[in-house]
Amino acid sequence: MAALRSLLPFLRGPLRPWPGCPARRSFASGADFEYIIAEKKGKSSNVGLIRLNRPKALNALCSGLITELNQALEAFEADPAVGAIVLTGGEKAFAAGADIKEMQNQTLQDCYSSKFLSHWDRLAQIRKPVIAAVNGLALGGGCELAMMCDIIYAGEKAQFAQPEVLLGTIPGAGGTQRLTRAVGKSLAMEMVLTGDRISAQDAKQAGLISKIFPVETLVEEAIHCAEKIARNSKIVAVMAKESVNAAFEMTLTEGNKLEKKLFYSTFATEDRKEGMTAFVEKRKANFKDQ
């Protein structure tokens, strides 16, 4: 019961950052960014859309782009109207990797002292569901960025790869870890050791992505999925995401215990009461995120 009580402050009222998280800044749709475009989408403006916008560099992930991405993510995380986020790029490239010119002259001391690439992890820490809509190239850091999202949709011409070995290095933002968990050791090892690309069709067969769509409708389909998620209780969606993600970190016994605790915690919310009452009364639930 003590564990359940500790969860209650986060289950009542609007979503709040975990202790130790940086303060969130206010955000206006269409805010002035250099490397991304961020806006609200959906009939109820309940979907945050972030588009990587360095087309001449095939959306290479420079430090400035990641900083702006984190700012937009934190703003949508703090926005009570937003229930899910879509991350996408252009038709030619979701992101063709990290900005190699930016890291070319880094030393071992530089990497350790600056915790190089550590600010990339913010995407994986976002509590609201995030959908990656991948068209074109998702290479190196671009593939790693997509794998930090909760759901990956791909355009029919998308390609995924971890080609860092061709540059004399290895993935540094989760590529060896998340890819192995997603597709298994053999395919992950082949991709990491050869740098070879796989198609959207192969990625779906391997379990890396969930659906494939025509290039021109991909983002629209991702927004549609995000709207479906956003119509549900935002508090419960956060708990569901936490429980699924725990499967990658815990044993089956530990994961089942966490799932039970989170399941029991839904009974402290008004949304659980409303959802079950609506089902019994044969009407649509009206969730209040409380």
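This section describes salt bridges, helix faces, surface patches and selected loop residues in a predicted model.

Salt bridges are considered at the outset. Side chains of opposite charge can pair when their charged atoms come close. A search of the whole structure identifies eight salt bridges. In one of them, arginine 122 pairs with glutamate 74 through their side chains, at a distance of 3.2 Å from N to O. The two partners belong to distant parts of the chain, since arginine 122 is in helix 5 (residues 122-125) and glutamate 74 is in helix 2, with their positions 48 residues apart in sequence. Arginine 122 has a relative accessible area of 7% and is therefore buried. Glutamate 74 is likewise classed as buried, because its relative accessibility is 13%, where the limit for a buried residue is under 20%.

A salt bridge is also formed by the side chains of lysine 241 and aspartate 150, with an N to O distance of 2.8 Å. Lysine 241 lies in helix 11 (residues 234-246), whereas aspartate 150 occupies the loop between helix 6 (141-148) and strand 7 (151-155); the pair therefore ties together parts that are 91 residues apart in sequence. With a relative accessibility of 12%, lysine 241 counts as buried. Aspartate 150, at 31%, counts as partly exposed.

Helix 11 contributes to a further salt bridge through lysine 234. The side chain of lysine 234 meets that of aspartate 289 at 3.2 Å, N to O. This pair again links distant parts of the chain, as lysine 234 is in helix 11 and aspartate 289 is in the segment after helix 13, 55 residues apart. Lysine 234 is buried, because its relative accessibility is 14%. In addition, Glu274, Glu281 and Arg283 are joined into one network by salt bridges that share partners.

Attention now turns to the helices. An α-helix has 3.6 residues a turn, so residues three or four places apart point the same way. In helix 8 (residues 185-194), the buried residues are Ala188, Met191 and Val192. When helix 8 is viewed down its axis, these buried residues fall within an arc of 95°, so they line one face of the helix. Ser186 and Leu193, on the other side of helix 8, are exposed.

A corresponding description applies to helix 13. Its buried residues are Asp271, Glu274 and Ala278. These residues cover an arc of only 60° around the axis and therefore lie on the same side of helix 13. Phe279 and Val280 are exposed on the other side of this helix. Glu274 is thus both a buried residue of helix 13 and a member of the salt-bridge network with Glu281 and Arg283.

Backbone geometry was examined in the segment after helix 13 and in a loop. Lysine 282, found in the segment after helix 13 (270-280), has a positive phi of about 60° although it is not a glycine. Lysine 282 is exposed, because its relative accessibility is 77%. Asparagine 59 also has a positive phi of about 60° without being a glycine. This asparagine is found in the loop between strand 2 and helix 2 (63-78). In contrast to the exposed lysine 282, asparagine 59 counts as buried, because its relative accessibility is 3%.

The loop between strand 2 and helix 2 also contains leucine 58. With a relative accessibility of 32%, leucine 58 counts as partly exposed. Leucine 58 and lysine 92 are separated by 34 residues in sequence, and their C-alpha atoms are 7.3 Å apart in space.

Finally, patches on the surface are described. A patch of positive charge is formed by Lys43, Lys204, Lys211, Lys228, Arg231 and Lys284. Within this group, lysine 43 is placed in the loop between strand 1 (36-41) and strand 2 (47-52). Lysine 43 counts as exposed, because its relative accessibility is 82%, where the limit for an exposed residue is over 50%. A nonpolar patch consists of Ile100, Val165, Leu166 and Leu167, which together have about 380 Å² of accessible area. Valine 165 is found in the loop between strand 8 (159-161) and helix 7 (175-183). At 35% relative accessibility, valine 165 counts as partly exposed.

Note on methods:
Residues are numbered from 1 along each chain as its sequence is written. This is a predicted model: local features need pLDDT of at least 70, side-chain atom pairs count only at pLDDT 80 or more; totals for chains, interfaces and linings use all residues. Side-chain values use heavy atoms; hydrogens and water are left out. Patches are made of residues with over 30% relative accessible area and no salt bridge: like charges are joined within 9 Å, nonpolar side chains (Val, Leu, Ile, Met, Phe, Trp, Tyr) within 5 Å. Accessible areas come from the Shrake-Rupley method with a 1.4 Å probe; for residues, only the protein chains shown count as cover. A salt bridge is a side-chain nitrogen of Lys or Arg within 4 Å of a carboxyl oxygen of Asp or Glu. Lys and Arg count as positive and Asp and Glu as negative; His and the chain ends are not counted. The place of a charge is taken as NZ of Lys, CZ of Arg, CG of Asp or CD of Glu. Helices (H or I, at least four residues) and strands (E, at least two) are DSSP runs, numbered from the N terminus. Buried means under 20% relative accessible area, exposed over 50%, partly exposed in between (1.4 Å probe, protein chains only). The arc is that of the directions from the helix axis to the C-beta atoms.
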